[in-house]
Amino acid sequence: MYVQVINISNNALPQYETPLSAGMDVRADFSRVTPDKPLKAFGDCEMIFKSNKMDGNKVTMLRLDPGARALIPTGLKFALPTALQDDKSIRYECQVRPRSGLALKKGITVLNTPGTVDADYRDEVHVILINHGHEAVWIEDGERIAQLVFAKVETCEWVEVARLDETDRKGGFGHTGVK
């Protein structure tokens, strides 16, 4: 699959970190975040702006306290492919998923997991991160924050009926027990 992309960040394009990875790691892009143009954030969090003495570039970090969430820009805009096959459109989505290491070690996850980037979306992709951990977490500019998984989307047509066929299943939401 080929995906057209515009990268307005200073980061490299997302890539598969191992040969059989399902997702590409995507990075935080704070390059356009300023005190006058802050991130959308809720809960206790703070943006830190400072200069790097080595090259004078701005280094930006975000502190997410427990329970805080923020909309993190990625600097990526893309167009997912569409096609026709047998008079039906073939659709794709980009799923935004948590990185397992951040989830386990720091309690950071993608709030609307999996987030969906629809095929007709053309604006910058953002990631909603939340700190479910017990300590403040620092997110640095350029840090890998989530993964992108591309998937084919099946579409359906509703068929209204008077009744559904029966199955042996009775109940839901934990009806089969724990063990």
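**Salt bridges, sheets and surface**

Me: At what relative accessibility does Arg63 count as buried?
Reply: This is a predicted model, and the values that follow are computed from it. A residue is classed as buried when its relative accessible area is under 20%. Arg63 falls within that class because its relative accessibility is 18%.

Me: Which residue forms a salt bridge with Arg63?
Reply: The closest N and O atoms of the pair are 2.8 Å apart, and a salt bridge requires a distance within 4 Å. The partner is itself buried, with a relative accessible area of 16%. The residue that pairs with Arg63 is Asp65.

Me: Which residues are joined into one network by salt bridges that share partners?
Reply: Side chains of opposite charge can pair when their charged atoms come close. In this structure, salt bridges with shared partners tie four residues into one network: Glu17, Asp25, Arg99 and Arg144.

Me: How many salt bridges does the structure hold?
Reply: The pair Arg144 and Glu17 is one of them, with its closest N and O atoms 3.7 Å apart. Another is formed by Arg32 and Asp29. The total for the structure is seven.

Me: How many residues apart are Arg144 and Glu17?
Reply: Arg144 belongs to strand E15, whereas Glu17 lies in the loop between strand E2 (15-16) and strand E3 (24-27). Arg144 is partly exposed at 26% relative accessible area, and Glu17 is likewise partly exposed at 38%. The salt bridge thus links distant parts of the chain, and the separation of its two residues is 127 residues.

Me: Which residue of the pair Arg32 and Asp29 counts as buried?
Reply: The closest N and O atoms in this salt bridge are 2.6 Å apart. Arg32 has a relative accessible area of 35% and is therefore partly exposed. At 2% relative accessibility, the residue that counts as buried is Asp29.

Me: Which strands stand at the edges of the sheet with the order E4-E7-E13-E11?
Reply: Strands of a sheet pair through backbone hydrogen bonds, either parallel or antiparallel. This sheet is open, has four strands and shows antiparallel pairing. Each edge strand has a single partner strand, so one of its sides is left without a neighbour in the sheet; these strands are E4 (40-42) and E11 (108-110).

Me: What is the average twist from one strand to the next in this four-stranded sheet?
Reply: The sheet in question is the open one ordered E4-E7-E13-E11. From one strand to the next, its twist averages 30 degrees.

Me: Which residue in E13 stands opposite Ile108?
Reply: Strand E11 and strand E13 (residues 126-131) run antiparallel and are joined by three bridges. Ile108 lies within E11, given that the strand covers 108-110. Its opposite residue in E13 is Asn131.

Me: Which strands stand at the edges of the sheet E5-E6-E14?
Reply: Three strands make up this open sheet, and their pairing is antiparallel. Neighbouring strands are turned by 25 degrees against each other on average, direction ignored. Because each edge strand has a single partner, one side of each lacks a neighbour in the sheet; the strands are E5 (45-51) and E14 (137-140).

Me: Which residue in E6 is the bridge partner of Lys50?
Reply: E5 and strand E6 (residues 58-64) run antiparallel, with seven bridges joining them. For Lys50, the bridge partner in E6 is Val59.

Me: What accessible area does the nonpolar surface patch of Val159, Val161 and Leu164 have together?
Reply: Val161 lies in the segment after strand E15 (144-153). Val161 is exposed, since its relative accessible area is 54%. Together, the three residues of the patch have an accessible area of about 340 Å².

Me: How far apart in space are Glu124 and Glu143, C-alpha to C-alpha?
Reply: Glu124 is placed in the loop between strand E12 (115-117) and E13, and it counts as buried at 12% relative accessibility. In sequence, Glu124 and Glu143 are 19 residues apart. In space, their C-alpha to C-alpha distance is 17 Å.

Me: What radius of gyration does the chain have?
Reply: The secondary structure consists of one helix and 15 strands, and buried residues make up 33% of the 179 residues. Along its principal axes, the C-alpha trace spans about 70 × 45 × 35 Å. A compact globule of 179 residues would have a radius of gyration near 16 Å, but for this chain the value is 20 Å.

Methods: Residues are numbered from 1 along each chain as its sequence is written. This is a predicted model: local features need pLDDT of at least 70, side-chain atom pairs count only at pLDDT 80 or more; totals for chains, interfaces and linings use all residues. Side-chain values use heavy atoms; hydrogens and water are left out. Two strands pair if DSSP finds at least two bridges between them. Axes are lines fitted to C-alpha atoms, for helices over the stretch in contact, and angles run from 0 to 180 degrees between N-to-C directions. Patches are made of residues with over 30% relative accessible area and no salt bridge: like charges are joined within 9 Å, nonpolar side chains (Val, Leu, Ile, Met, Phe, Trp, Tyr) within 5 Å. Accessible areas come from the Shrake-Rupley method with a 1.4 Å probe; for residues, only the protein chains shown count as cover. A salt bridge is a side-chain nitrogen of Lys or Arg within 4 Å of a carboxyl oxygen of Asp or Glu. Buried means under 20% relative accessible area, exposed over 50%, partly exposed in between (1.4 Å probe, protein chains only). The radius of gyration is taken over C-alpha atoms; the globule rule is 2.2 Å times the number of residues to the power 0.38.
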